[in-house]
Amino acid sequence: MSVLRSLESKIADLVEGTFSRVFRSEVRPVEIARKLAREMDEHKSYSLSRTYVPNEYSVYLSPRDRAQFEGYEEGLADELAAYLLEHARRERLALIARPMIEFETDERLGVGQFGIETAVVDPGKEGEPAPKQDGHTVVYGSAGGAAAPPPPQASAAKRRAVLLVGGRRLLVGPTGATLGRSRQCDIVVDDPNVSRQHAEVRPSATGWVLVDLGSTNGSVLNGRRIARPQELEPGDTIEVGTSVITFDVE
């Protein structure tokens, strides 16, 4: 088992193991880890020979969600920092210091919403933030902001996404939904040809997109295998393994 897979398993174990009794709100450690990695990937800056990414991440939670972390924040923050560090190493991204995760409370967030703000911080300057590529907080939730107005990803999902799976009509949450065999996925697909975390339907600046999560057999949209995020339209068919899912909005 690779180091990254080991860390991914460790993050997943937080839900089923030591922290399973604590995280009963809609915000899950696995979801925070996934979104932190996404924010790292989306806030790159380039030098002549290296690609730098933020090393400081503030995670904003609603008061109710934050209360679930009492006594456990330090351990979870260390796990998330290790996860980001290994992600950066695998993707050959440069950090000026080890990732640091801080949890904050924001009264404007509802249960299940959380915001992430990134920064490049030089530890040699007493924690003073260096100029950032992006100045707003990305909010994963249905409404509201953690430290600034919601970015396009949050406001674009006013029309709720729906997936038709095996005769069932399943609503997609405002932060998107993962599809796969793992019971940690938002939508579990009981198909041996589907990877544990196979694909994700996520909000975009213009609506919703389908993203393959490095699955073994790939993801197919309207009969064509995708290699990068693809915009979704009502009536589109998504194939994961031998399962066919229809996308719609309401």
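## Overall architecture

Five helices and 17 strands constitute the secondary structure of the chain. The model is a predicted one. Of the 250 residues in the chain, 48% are buried.

The chain exposes about 12800 Å², and carbon and sulfur atoms account for 46% of that area. When contacts in the chain between residues at least 6 apart in sequence are considered, 58% of them join residues at least 24 apart.

## The aromatic pair

One aromatic pair is found in a search of the whole structure. The pair is formed by F69 and F103, whose ring centres are 5.1 Å apart and whose planes stand at 35°, so the arrangement is classed as tilted. Tilted pairs have planes that are neither under 30 degrees apart, which would count as stacked, nor over 60, which would count as edge-to-face.

F69 is located in the loop between α3 (63-67) and α4 (73-90), while F103 belongs to strand β4 (residues 100-105); the pair therefore ties together parts that are 34 residues apart in sequence. Both F69 and F103 are buried.

## The environment of S182

S182 is situated in the loop that runs between β9 (177-180) and β10 (187-188). Its relative accessibility is 5%, and S182 therefore counts as buried, the cut-off for this class being under 20%.

A polar atom of the S182 side chain lies 3.1 Å from the backbone nitrogen of Q184. Apart from its neighbours within four places in sequence, S182 is in contact with V188 and R196.

Terms used: Residues are numbered from 1 along each chain as its sequence is written. This is a predicted model: local features need pLDDT of at least 70, side-chain atom pairs count only at pLDDT 80 or more; totals for chains, interfaces and linings use all residues. Side-chain values use heavy atoms; hydrogens and water are left out. Helices (H or I, at least four residues) and strands (E, at least two) are DSSP runs, numbered from the N terminus. Buried means under 20% relative accessible area, exposed over 50%, partly exposed in between (1.4 Å probe, protein chains only). Contact means heavy atoms within 4.5 Å. Accessible areas come from the Shrake-Rupley method with a 1.4 Å probe; for residues, only the protein chains shown count as cover. A polar contact is a pair of N or O atoms within 3.5 Å; within protein, one must be able to donate a hydrogen and the other to accept it, and residues adjacent in sequence count only if both atoms are side-chain atoms. Rings of Phe, Tyr and Trp (its six-membered ring) pair if their centres lie within 6.5 Å; planes under 30 degrees apart count as stacked, over 60 as edge-to-face and the rest as tilted.
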